[in-house]
Amino acid sequence: MGLNDTPAGQRVHIGIFGCRNAGKSSLINAITNQDLAIVSEVKGTTTDPVYKAMELLPLGPVMLIDTPGLDDIGALGGLRMEKTYQILNKTDIAVLVVDSSLGMSQDDKNILARIEKKNIPYIIVMNKADLLPSVPPAPANTIYVSAADNFNINSLKELIAAKYVEEKDAFPIIGDLLVPGALVVLVVPVDKAAPKGRLILPQQQTIREILDNDAMALVLKDNTLAQGLKSLSQKPRLVVTDSQVFGEVAEIVSPEIPLTSFSLLFARHKGQLFSMAEGAEAIDSLEEGDRILMAEGCTHHRQCEDIGTVKLPNLLKAYTGKKLEFDFTSGVDFPLDLSPYRLIIHCGACTLNRREVQFRIGCAADAGIPITNYGIAISYMKGILPRCLAPFSLLLKD
């Protein structure tokens with residue numbers, strides 16, 4: 001996997017905000033040293049959020065997000081502004097670009113208040129410093145730059161890197177469950193829904209973290225699991241399975257061997273594992289005609305046996321014995337109004353960053369709607385959720 005292949009969910013998301021003609025696009029071009037964004041003297045050139053994956057040293061893989069101007073006008077401008085505000089929900093570092101020759105506007109102050117309310121690390125970039133008679137001392141969280149002549153651009157990059165608090169160690173996938181030399185068995189079904197010639201993202205990321213912690217990964221299909229376990233000379237420290245074969249794997253893996261799933265690992269890595277486990281309890285109180293939101297973080301071609309649109313809804317109807325209604329969302333689409341729903345079941349969110357997942361969980365909490373994820377819901381209905389939570393219970397790193 002090359003630098004540009006780093007998954008979006010693993011990149012630091014840097015949101016670029018500011019009024020029209022503050023020089024946001026010019027600043028992105030200066031930071032990247034490429035003509036990535038269209039630059040024009042005409043106000044409102046950027047009409048939709050523009051994403052650009054890149055390597056920003058010394059920070060590493062990032063996602064730059066260029067947004068429409070904060071002072072956009074008219075009905076269409078209002079819609080653009082809603083998109084801009086939504087970008088805050090996935091922003092790890094906010095960069096507020098201000099035309100230093102004009103100073104901070106009320107629109108700048110309004111979005112800064114939103115940024116601070118969401119506890120997003122931020123930098124105020126006073127752009128167009130080349131138009132000033134002299135560059136004044138910069139207050140805290142502020143830097144004077146000129147995108148036009150590259151003044152202070154390298155210093156800005158270093159400031160952005162310093163602002164980011166590394167979350168990899170704080171929110172691991174599996175590393176803190178391991179010791180050097182430990183053996184982890186990963187159960188990976190290969191069916192019609194599996195991508196050709198590769199493993200899906202959660203499986204790749206889990207394997208990488210196992211290797212990073214000097215442990216060993218044994219990857220097996222579900223139909224070779226029993227044989228594989230018998231051939232081992234050491235007991236696995238943990239078995240991690242794809243949620244779709246939870247029931248079958250739980251029967252094969254003896255009770256003294258800890259068992260969990262990729263979905264539970266990622267619920268802790270990006271979400272709130274134990275609160276999402278509590279959310280699964282709402283399945284038992286579903287009534288006839290209740291509406292459930294099935295939410296996915298990515299967009300993909302759905303197969304005939306898709307887990308989110310086919311397998312899970314069928315399992316829920318069979319488990320509850322009720323006629324249930326389902327709505328399906330994917331990608332960046334997540335309803336602002338959650339009141340129609342009795343329960344939200346989310347995917348593992350491997351393509352979303354942690355801040356976006358936390359935002360969605362927060363929206364559900366604000367609306368009083370239980371939220372869980374695919375794997376947690378399946379393990380709950382299979383009666384094995386307590387067993388699958390056991391490996392995390394002593395860590396208490398939710």
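Reader: What makes the largest set of 74 residues a nonpolar core, and which residues have the most contacts inside it?

Author: A nonpolar core is a set of buried Ala, Val, Leu, Ile, Met, Phe, Trp, Tyr and Cys residues joined through side-chain atoms within 4.5 Å; buried means under 20% relative accessible area, with exposed over 50% and partly exposed in between (1.4 Å probe, protein chains only). The largest set that meets this description has 74 residues, and I174, L264, I292, L338, I345 and I376 have the most contacts inside it. Helix α12 (residues 374-381) contributes the most to this core, with 6 residues. Apart from it lies another core, of 26 residues, including A30, I31, V145 and A161.

Reader: On what basis are these statements made, and how are residues numbered?

Author: The model is predicted, and local features need pLDDT of at least 70, side-chain atom pairs count only at pLDDT 80 or more, while totals for chains, interfaces and linings use all residues. Residues are numbered from 1 along each chain as its sequence is written, and side-chain values use heavy atoms, with hydrogens and water left out.

Reader: Which residues does I345 touch?

Author: Contact requires heavy atoms within 4.5 Å. Not counting residues up to four places away in sequence, I345 touches I292, L293, M294, A295, L312, L316, T372, N373, Y374 and A377.

Reader: Why is α12 called largely enclosed?

Author: Helices (H or I, at least four residues) and strands (E, at least two) are DSSP runs, numbered from the N terminus. In α12, 8 of the 8 residues are buried, so the helix is largely enclosed by the rest of the structure. These residues are Y374, G375, I376, A377, I378, S379, Y380 and M381. After α12 comes G383, whose phi is positive, near 80 degrees.

Reader: How do you know that both faces of β1 are covered?

Author: In a regular strand the side chains alternate between the two faces of the sheet. On one side of β1, V12, I14, I16 and G18 are buried, and on the other H13, G15 and F17 are buried. With 7 of the 7 residues of β1 (residues 12-18) buried, the strand is therefore largely enclosed by the rest of the structure.

Reader: What makes β1 and β3 a pair?

Author: Two strands pair if DSSP finds at least two bridges between them. β1 and β3 (residues 60-66) are joined in the parallel sense over 5 bridges, so the requirement of at least two is met. I14 has L64 as its bridge partner in β3. β1 also pairs with β4 (residues 93-99) in the parallel sense over 5 bridges, and there I14 is matched with I93.

Reader: Why are β8 and β10 called edge strands?

Author: The open sheet has 4 strands in the order β8-β7-β9-β10, with parallel pairing. β8 (216-220) and β10 (259-261) each pair on one side only, and these are the edge strands.

Reader: What makes the empty space a cavity, and how many does the search find?

Author: On a 1 Å grid over the protein atoms alone, a cavity is a set of points where a 1.4 Å probe fits but cannot get out, and lining residues have an atom within 4 Å of a point. Grid points are joined across faces, edges and corners, and a volume is the space filled by probe spheres set on the points. The search of the whole structure finds 1 cavity of 30 Å³ or more. The largest cavity has a volume of about 90 Å³. Its lining has 14 residues, of which M276, H346, C347, A349 and V357 are the closest to the centre.

How values were computed: 1 Å grid on protein atoms, 1.4 Å probe; cavity = no way out; pocket = protein on both sides within 12 Å on 5 of 7 lines; lining within 4 Å.
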